Amino acid sequence: MNRPPTDRRSFLASALAAGTYAALAQGPAALAAQEEPPRRLPPLKVSGDRRIRTVVGLRPYRPEGFVLTNERLGEKVVVHNYGHGGGGVSLSWGVAQMAAEQARNLEDKNVAVIGCGVVGLSTARVLQRRGKAVTIYTRELPPETTSNVAGALWYPTHVYDPQKVSATFLERYGLACRLAHREFQSYVGPEYGVRWIETYTLSPEPVGRELPGGPELYPETRFYADARPLFGFPYARRFGSMMIEPQIYLRALLRDFYTAGGKLVVRELKTREEVAQLPERVVFNCTGLGTRALFGDQGMASMRGQIEVLLPQPELDYGYLANSLYMFPRADGVILGGTFEAGNWSMDADDATTKRIIEGNAQIAKGLRR
Ligand SMILES: Cc1cc2nc3c(=O)[nH]c(=O)nc-3n(C[C@H](O)[C@H](O)[C@H](O)COP(=O)(O)OP(=O)(O)OC[C@H]3O[C@@H](n4cnc5c(N)ncnc54)[C@H](O)[C@@H]3O)c2cc1C
């Protein structure tokens, strides 16, 4: 192990020579990180003939950020909880707790939740824990929801347009991130399909310390420069986050909801008037993109995502993000993305996108250290 040099110039020279620039970004506390060499990563196999399916989903994206407000609808109160863009899985427990908190003065025991994606299910579970008798009304159930299409890394990104959000929104976003991050840790384990995973940001440019929700939510963050021989990119950053297997996780949440006495009605609500006629006086709106038609929020847009799924590789114990491309290893397949197409409402798989995702990730796989 190298001893840390004492003067600043030799400290910087040594940091760069060691192939890292953690000290530049983090200060002396990061010294230990510089002395830790990057580990050998199991090879990723990318080829067209390993592809097992292509999946398309429309992220419920609102440039102004998600909505958490109460609205009067005749005798009822509708608590809106929708529009979480590319981070709805990550934010789910946080926004669920915040929505429940917004209704804390409403004493009704029987409440309704519209929507059975990750946001509706989490909201329903938080309400049950607070002693409510919850009925979910929903058009689709898992595995038919957008939430099932998610990657799903705990990484609340593409949630808003930074040019369009207020400081107040950013505070609420930060709170939702912290609450959700804490709660997800209680679900780590095979029963819920949640686990910690090493993730790498691979970049042609130096990678900064910013991470969605704040750097303190990503343990063991490390920075590598001169990373080309190891990662195929000049710069890399490693961080710890949680990987969520949507098929396992959503099924387990639905089971928990039923076990706690929840009722579920498969029904599409088409108008506000239909919502006003529900028997419950307190209604949580968790319809994601469906809110645009149901409550007329024209600010709700689609951000299309297409994913290519390859045969599983159980030995892969890391994921990466490289510009718009990413790889997450899951039990049901290796997930390759990605696309972030705002305003595109097409649910059809696009062959040119498939080619770009497969070829782009194949190129990255070649650069990863063997
Ligand atoms: C390709 C892709 C990758 C993603 N990756 C990630 C990721 O890595 N990490 C992450 O955190 N997030 C990710 N996301 C985003 C995440 O999937 C969404 O933000 C999240 O699923 C939104 O959840 P939701 O419950 O609001 O919406 P949905 O899952 O769409 O659920 C909405 C529910 O409302 C119901 N509904 C809608 N309208 C009506 C109506 N009129 N009447 C009755 N019921 C109705 C639907 O049937 C459904 O049950 C990704 C999304 C995509 C598409």
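Arg130 counts as partly exposed, because 14 C-beta neighbours lie inside 10 Å. A residue would need 20 or more to be buried, and 12 or fewer to be exposed. Arg130 sits in the loop between α5 (118–129) and β5 (133–138). Arg104 is 26 residues away from Arg130 in sequence. In space, the two are 9.4 Å apart, C-alpha to C-alpha. All of this is read from a predicted model.

How far can the prediction be trusted? The mean pLDDT of the protein is 90. Of its residues, 89% reach 70 or more. Residues 1–35 are another matter: over this stretch the pLDDT is below 50. The stretch still has 40 contacts in the model beyond near neighbours in sequence. Where pLDDT is low, the predicted coordinates should not be read in detail.

Now the overall build. The protein has 370 residues, and 43% of them count as buried. Its secondary structure comes to eleven helices and 15 strands. Take the contacts with a separation of 6 or more: 75% of them join residues 24 or more positions apart.

Return to α5, the helix that precedes the loop of Arg130. α5 packs with helix α8 (residues 246–259) at an angle of about 35°. Their axes are 10 Å apart. The crossing of α5 past α8 is left-handed. On the α5 side, the contact uses Val118, Leu121, Ala124 and Arg125. On the α8 side, Leu250, Leu253, Leu254, Asp256 and Phe257 meet them. By class, seven residues of this contact are nonpolar, none is polar and two are charged.

A second helix pair is α4 (residues 88–102) and α6 (residues 167–184). These axes lie 7 Å apart, and the packing angle is about 110°. Angles of 65 to 115 degrees count as roughly perpendicular. α4 and α6 are therefore roughly perpendicular to each other. α4 passes α6 in a right-handed crossing. From α4, the contact draws on Ser90, Leu91, Ser92, Trp93, Gly94, Val95, Gln97 and Met98. From α6 come Leu175, Ala176, Cys177, Leu179, Ala180, Glu183 and Phe184. Ten of the residues in this contact are nonpolar, four are polar and one is charged.

Next, the backbone. Most residues other than glycine have a negative phi, and most peptide bonds are trans. The loop between β5 and α6 holds several departures from this pattern, and Pro143 is found there. The peptide bond from Pro142 to Pro143 is cis, with omega near 10°. Ala152 lies in the loop between β5 and α6 too. A cis bond joins Gly151 to Ala152, and its omega is about -5°.

Which residue of this loop, between β5 and α6, should be looked at next? His158 has its place there. His158 is not a glycine, yet its phi is positive, at about 55°. His158 is partly exposed, because 18 other C-beta atoms lie within 10 Å.

Asp226 belongs to another part of the chain, the loop between β7 (222–224) and α7 (228–231). Asp226 is not a glycine either, and its phi is positive, at about 50°. Is Asp226 buried, exposed or in between? Asp226 counts as partly exposed, because it has 15 C-beta neighbours inside 10 Å.

Definitions and conventions. Residues numbered from 1 in each chain as written. Predicted model: local features only at pLDDT ≥ 70, side-chain atom pairs only at ≥ 80, totals over all residues. pLDDT = per-residue confidence, 0-100. Contact = placed C-beta atoms within 7 Å. Axes fitted to C-alpha atoms, helices over the stretch in contact; angles between N-to-C directions. Helix = DSSP H or I, 4+ residues; strand = E, 2+ residues; numbered from the N terminus. Parallel < 35°, antiparallel > 145°, perpendicular 65-115°, else oblique. Left-handed = near helix turned anticlockwise from the far one by under 90°. Nonpolar A, V, L, I, M, F, W, Y, C, P; charged D, E, K, R; others polar.
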